[in-house]
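Trainee: Could you walk me through this one before I go back to the bench? I would like to go through the sheet, the helices around it and the empty spaces.

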Amino acid sequence: MGKRREWMQRRDMQSESGPEAVAVVGGGAWGTALALTALRAGRRVTLWAREPEVVEAIERRRENPVFLPGVALPESLIASDDLAEVCARAEAALLVVPSQFLRAVAEQVETVLPRGVPAIVCAKGIERETGLLMTQVVEQAMPGRPLAVLSGPTFAAEVAADQPTAVTLATAEKDEETLATQLAAALSTPTFRIYVSHDPVGVEVGGAVKNVIAIACGTAQGVGFGANTRAALITRGLAEIKRLAEALGGARETVSGLAGLGDLTLTCSSEQSRNFSFGLGLGRGQTAEALLAGRPAVVEGVVNAVTVTDLARKLGVELPICEAVRAVVHEGQPIPEAMAALLRRPLTREQVTLDSPIAP
């Protein structure tokens with residue numbers, strides 16, 4: 001409770017628009033795009049990148065050629081590989097690192113981020129060793145810290161190009177509405193619209209599972225199937241997200257929003273998606289190893305195919321599409337066999353209302 005009280009005291013000293021100084025922890029494409037968004041929202045932004053070459057390129061050439069090439073970065077964006085320097089004066093911290101590295105980075109951030117400063121989780125996935133959602137991981141790594149999660153249908157390049165985008169920012173406790181609304185106000189711009197939610201579980205499950213479904217959609221297109229198949233995978237994939245979210249205490253209605261249906265539709269429909277393009281390569285006969293070799297960015301759905309299904313099995317939740325992706329990517333099942341197994345599943349009644357059970 002002490003850190004939350006400190007957040008309330010900091011909030012009272014800040015302007016109504018929320019925290020002015022924002023630390024973005026993670027210099028990948030999405031971290032860089034969020035840093036640009038925070039600058040456009042009038043914040044003072046420092047960006048931490050693990051790679052010295054990224055920091056040097058941003059400082060000298062005003063570009064992130066490794067993860068977001070071709071995007072001009074303003075002089076006002078300060079980059080550093082010194083985490084303490086980046087976090088020292090921050091009034092909010094965005095954690096934008098791959099899901100399987102989040103715990104280690106969050107533990108480091110906790111040692112240098114001022115007390116009471118909120119952390120916004122921008123990673124999507126489920127931790128491999130524990131089966132925890134990203135906010136649960138950060139709760140353990142940064143105990144007592146005010147937390148929020150930001151998710152939704154976003155391609156980093158389009159956000160960086162200032163194209164209209166809408167996302168969801170969720171906090172757990174309803175009595176922390178001031179935190180959610182102030183953080184939303186601090187990061188919103190005329191083209192980056194943030195909706196507030198109090199269902200971080202639903203928001204996070206949508207972000208984790210959609211990456212796996214995107215691999216399935218890419219694979220289907222790669223083997224030559226068309227729009228009918230993709231539409232079926234997206235729709236039934238949404239049902240899988242709803243089942244898992246509900247089993248974890250989330251709301252199915254949340255999954256019908258930006259962080260669920262919105263993100264799922266985007267990720268499953270474009271080669272801009274790393275997960276979709278990975279599946280596309282699989283469908284065209286390339287191996288997972290070859291597709292992953294040399295990629296600077298993480299394909300989250302490859303790990304999530306295991307973490308999502310492990311968690312679902314533990315909870316007794318059926319996720320047939322996610323299981324098929326796991327079988328193809330990690331267990332060597334031929335794609336035609338996996339597709340045939342999905343189509344041979346027993347016929348069931350489709351869900352017709354939000355209150356009716358969701359058939360697998």
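Mentor: What follows is a short talk through the sheet, some helices, some single residues and the empty spaces.

Mentor: This is a predicted model, in which local features need pLDDT of at least 70 and side-chain atom pairs count only at pLDDT 80 or more, while totals for chains, interfaces and linings use all residues. Residues are numbered from 1 along each chain as its sequence is written, and side-chain values use heavy atoms, with hydrogens and water left out.

Trainee: OK, in what order do the strands of the sheet come?

Mentor: The open sheet has eight strands in the order β3-β2-β1-β4-β5-β6-β7-β8, with mixed pairing. Its edge strands, each pairing on one side only, are β3 (78-80) and β8 (192-197), and from one strand to the next the twist averages 25°. Helices (H or I, at least four residues) and strands (E, at least two) are DSSP runs, numbered from the N terminus, and two strands pair if DSSP finds at least two bridges between them.

Trainee: How many bridges join β6 to β7, and how many β7 to β8?

Mentor: Strand β6 (residues 147-151) and strand β7 (residues 165-170) run antiparallel and are joined by three bridges, whereas β7 and β8 pair in the parallel sense over six bridges. Leucine 169 in β7 is the bridge partner of leucine 150, and leucine 169 also stands opposite valine 196 in β8. Serine 151, in turn, stands opposite threonine 168.

Trainee: Threonine 168, then: buried or exposed?

Mentor: Threonine 168 is buried, with a relative accessible area of 9%; buried means under 20% relative accessible area, exposed over 50%, and partly exposed in between, with a 1.4 Å probe and protein chains only. Strand β7, where threonine 168 sits, has five of its six residues buried. Leaving aside neighbours within four places in sequence, the contacts of threonine 168 include Val149, Tyr195, Val203, Leu258 and Ala259, where contact means heavy atoms within 4.5 Å.

Trainee: Which helices pack on the sheet?

Mentor: Helix α2 (residues 29-40) lies across β1 (21-25), β2 (44-48), β4 (92-95), β6 and β8, and runs at about 170° to β2. Helix α6 (residues 134-141) packs on the sheet as well, touching β4, β5 (119-121) and β6, and its direction makes about 150° with that of β6. For these angles, axes are lines fitted to C-alpha atoms, for helices over the stretch in contact, and angles run from 0 to 180 degrees between N-to-C directions.

Trainee: And α12, which of its residues are buried?

Mentor: In helix α12 (residues 258-267) the buried residues are Ala259, Gly260, Asp263, Leu264 and Thr267. They lie on the same side of α12, because they cover an arc of only 105° around the axis, the arc being that of the directions from the helix axis to the C-beta atoms. Among the elements that cover these residues are β6, β7, α9 (200-222), α10 (227-247) and α13 (274-283).

Trainee: Changing topic, where does arginine 62 sit, and what is its phi?

Mentor: Arginine 62 is in the loop between α3 (52-61) and β3, and has a positive phi of about 55° although it is not a glycine. Aspartate 162, in the loop between α7 and β7, has a positive phi near 65° and is likewise a residue other than glycine. Arginine 62 is buried, at 10% relative accessible area, whereas aspartate 162 counts as partly exposed at 35%.

Trainee: Last one: what volume does the largest pocket have, and what volume the largest cavity?

Mentor: The largest pocket holds about 1100 Å³ of space, and the largest cavity has a volume of about 130 Å³. On a 1 Å grid over the protein atoms alone, a cavity is a set of points where a 1.4 Å probe fits but cannot get out, and a pocket is an open set with protein on both sides within 12 Å along at least five of seven lines; lining residues have an atom within 4 Å of a point. Grid points are joined across faces, edges and corners, and a volume is the space filled by probe spheres set on the points.

Trainee: Which residues lie nearest the centre of the pocket?

Mentor: Of the 39 residues that line the largest pocket, Ala29, Trp30, Arg274, Ala297 and Val298 lie nearest its centre. In the largest cavity, α16 gives the most to the lining, with five residues.
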